Amino acid sequence: QDPMVRFHACETMYNIAKVARGELLSVGLFGDLFDGLVRLCADSEPKVQNATYTLDRFIKGIATEAENFDVPRFIALVKKHLSSNNPYVRQCLVSWVQALDSVPEMGVVRHLPEYLAGLLSILSDRNREIVQSTETLLDDLKKEVHEGEAAPEYGPLVSILIEHCSLKEDKVRLTAVSWLLEFLEAGKQALHPHLAELIGAILPCISDKEEAIRSAAARANQAMCGLVEESAPTAELGEKMLASLQGMLGRLEVRTRIAALHWLLLLLRRSPALVQGFFERLFPLLLRTLSDASSSDEVITLALSVLAQLSTSDENFKRFMADLVQLLKRDRRRLLSRSSAGLVLRQIALLIDPEKVFREMAGILARDEDKEFVGTMVHTLNLILLTTAELRPLRSLLKRGLAHP
């Protein structure tokens with residue numbers, strides 16, 4: 001407990017190190033020595049801190065000059081201490097990784113999956129100097145991932161970054177999303193197998209409260225879409241992507257739902273049979289979107305576009321029309337009094353053959369015994385038919401039918 005004992009221990013170790021130098025690393029003492037340095041760097045006694053700093057710098061120099069330094073063992077030691085919240089410990093660890101990373105032959109970046117999560121956690125530290133040092137180190141490591149010969153594969157790093165996209169600290173989320181954006185732009189098809197997980201991580205960030213995160217997430221999403229434009233997903237990957245998109249459709253954030261709907265339209269274009277196979281799972285979610293009070297006009301329009309493309313078969317079309325009428329009937333007070341009901345019916349008539357839509361609607365309403373509801377629907381459909389410019393051909397058809405019954 002005596003600080004003078006700790007001080008003299010540092011002095012003695014320094015003198016031993018001056019003589020032994022590289023032998024300190026070869027005789028298996030480095031682990032205990034490193035653990036001791038980490039503990040002492042957080043010492044409350046200034047004199048001990050100064051002595052520790054001198055010893056730490058000297059040992060660091062020996063390590064960077066060593067020809068056979070045990071990097072995996074060092075990474076394991078760093079990983080063990082990265083869980084500490086002590087700012088002095090964190091600064092010590094960052095400085096060690098920086099020092100060894102400055103020697104390319106060490107290949108410290110190769111082991112990045114082992115300690116990336118720990119470095120990201122330091123970004124939430126209240127000490128600005130430590131955060132800046134960590135950001136500098138992370139920037140260097142990121143460049144090495146793209147350019148270095150000893151760089152690790154993207155897969156393990158992507159998994160770590162995805163986990164950090166949902167953490168509460170703004171700087172951590174921004175760093176994670178920014179890294180993923182650069183990976184997508186640099187790695188391109190190497191990220192293709194991870195698209196399902198990336199959708200689940202990036203799309204919620206499109207609705208983040210921080211503008212910088214929203215912007216980076218939007219760019220990352222564009223890059224992801226670009227990968228699918230270049231190469232359609234396999235059946236297995238596509239199913240995982242659709243499962244992830246199902247979760248996004250159930251979220252409240254408008255931007256996220258818009259992005260998810262655009263994804264469905266993209267997949268319908270690139271892998272239509274795959275998406276059609278998900279009809280039973282997607283249909284209820286999309287239909288619910290039409291009646292959701294939080295849905296914007298853009299969300300409703302996009303959902304209808306997806307539903308229209310999913311309803312190309314007669315069976316799906318008839319189910320869509322029947323369920324839509326039931327939806328309007330069930331929530332008539334809210335939906336039929338809102339402009340969204342008119343928007344829904346008008347968009348359907350534009351997205352699908354309007355004659356087919358009006359004929360099917362007429363058949364369904366003719367069988368409905370709720371006269372009040374039927375009257376309201378007929379009024380709404382007549383208004384759409386008579387005022388929508390795009391339905392002029394249908395109006396002309398009706399006129400000809402009346403003129404030549």
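Helices α4 and α6 are roughly parallel to each other, because an angle under 35 degrees counts as roughly parallel and their axes cross at roughly 20°. The model described here is a predicted one, and this pair of helices is a convenient place to enter it. The axes of α4 and α6 come within 10 Å, and α4 passes α6 in a right-handed crossing. On the α4 side, the contact is made by Q49, D56, I59, K60, A63 and T64. On the α6 side, the residues involved are Y88, C92, S95, W96, A99 and L100.

Two of these residues show how the contact is built. Q49 belongs to helix α4, which covers residues 46–65. With a relative accessibility of 24%, Q49 counts as partly exposed. Beyond its neighbours within four places in sequence, Q49 is in contact with C41, A42, D43 and Y88; of these, Y88 is one of the α6 residues named in the helix contact. Q49 and L100 both appear in the list of contacting residues, yet their C-alpha atoms are 22 Å apart in space, with their positions 51 residues apart in sequence.

A99 lies in helix α6. Its relative accessibility of 16% means that A99 counts as buried, since the cut-off for that class is under 20%. When neighbours within four places in sequence are set aside, A99 is in contact with K60 and T64, and K60 and T64 are both among the α4 residues of the helix contact. A99 can also be placed relative to a remote part of the chain: A99 and L328 are 229 residues apart in sequence and 66 Å apart in space, C-alpha to C-alpha.

Helix α6 spans residues 87–101, and D101 is found in it. D101 is buried yet has no salt bridge. Which side chain of opposite charge is nearest to D101? That side chain is R110, and it is 10 Å away, whereas a salt bridge requires a side-chain nitrogen within 4 Å of a carboxyl oxygen. Apart from residues up to four places away in sequence, D101 touches V108, V109, D140, L141 and E144.

One of these partners, L141, leads to a second pair of helices, for L141 is among the residues of α8 that contact α10. Helix α8 covers residues 128–147 and helix α10 covers residues 170–187. Their axes come within 11 Å and cross at roughly 15°; the two helices are therefore roughly parallel to each other. The crossing in which α8 passes α10 is right-handed. The contact is made by V131, E135, L138, L141, K142, V145 and H146 of α8 together with K171, T175, W179, E182, F183 and A186 of α10.

The charged residues offer another route through the model. Side chains of opposite charge can pair when their charged atoms come close. A search of the whole structure finds 26 salt bridges, and three examples are followed here. R6 forms a salt bridge with D43, and the closest N and O atoms are 2.5 Å apart. This pair links distant parts of the chain: R6 is in helix α1 (residues 3–20), D43 is in the loop between α3 (30–40) and α4, and the two are 37 residues apart. R6 is partly exposed, with a relative accessible area of 23%, while D43 is buried, with a relative accessible area of 9%. D43 is also one of the residues in contact with Q49.

The second example lies within α8. The side chains of K142 and D139 meet in a salt bridge with an N to O distance of 4.0 Å. Both residues lie in helix α8, three residues apart, which is about one turn of the helix. K142 is buried, with a relative accessible area of 10%, whereas D139 counts as partly exposed at 38% relative accessibility. K142 also takes part in the contact with α10.

The third example lies within α10. R173 and D170 are joined by a salt bridge of 2.8 Å, N to O, and both residues lie in helix α10, three residues apart. At 7% relative accessibility R173 counts as buried, and at 26% D170 counts as partly exposed. Salt bridges that share partners join D170, R173, D208, K209 and E210 into one network.

How values were computed. Residues are numbered from 1 along each chain as its sequence is written. This is a predicted model: local features need pLDDT of at least 70, side-chain atom pairs count only at pLDDT 80 or more; totals for chains, interfaces and linings use all residues. Side-chain values use heavy atoms; hydrogens and water are left out. Helices (H or I, at least four residues) and strands (E, at least two) are DSSP runs, numbered from the N terminus. Buried means under 20% relative accessible area, exposed over 50%, partly exposed in between (1.4 Å probe, protein chains only). Lys and Arg count as positive and Asp and Glu as negative; His and the chain ends are not counted. Contact means heavy atoms within 4.5 Å. Axes are lines fitted to C-alpha atoms, for helices over the stretch in contact, and angles run from 0 to 180 degrees between N-to-C directions. Angles under 35 degrees count as roughly parallel, over 145 as roughly antiparallel, 65 to 115 as roughly perpendicular and the rest as oblique. A crossing is left-handed if the near helix is turned anticlockwise from the far one by less than a right angle, and right-handed if clockwise.
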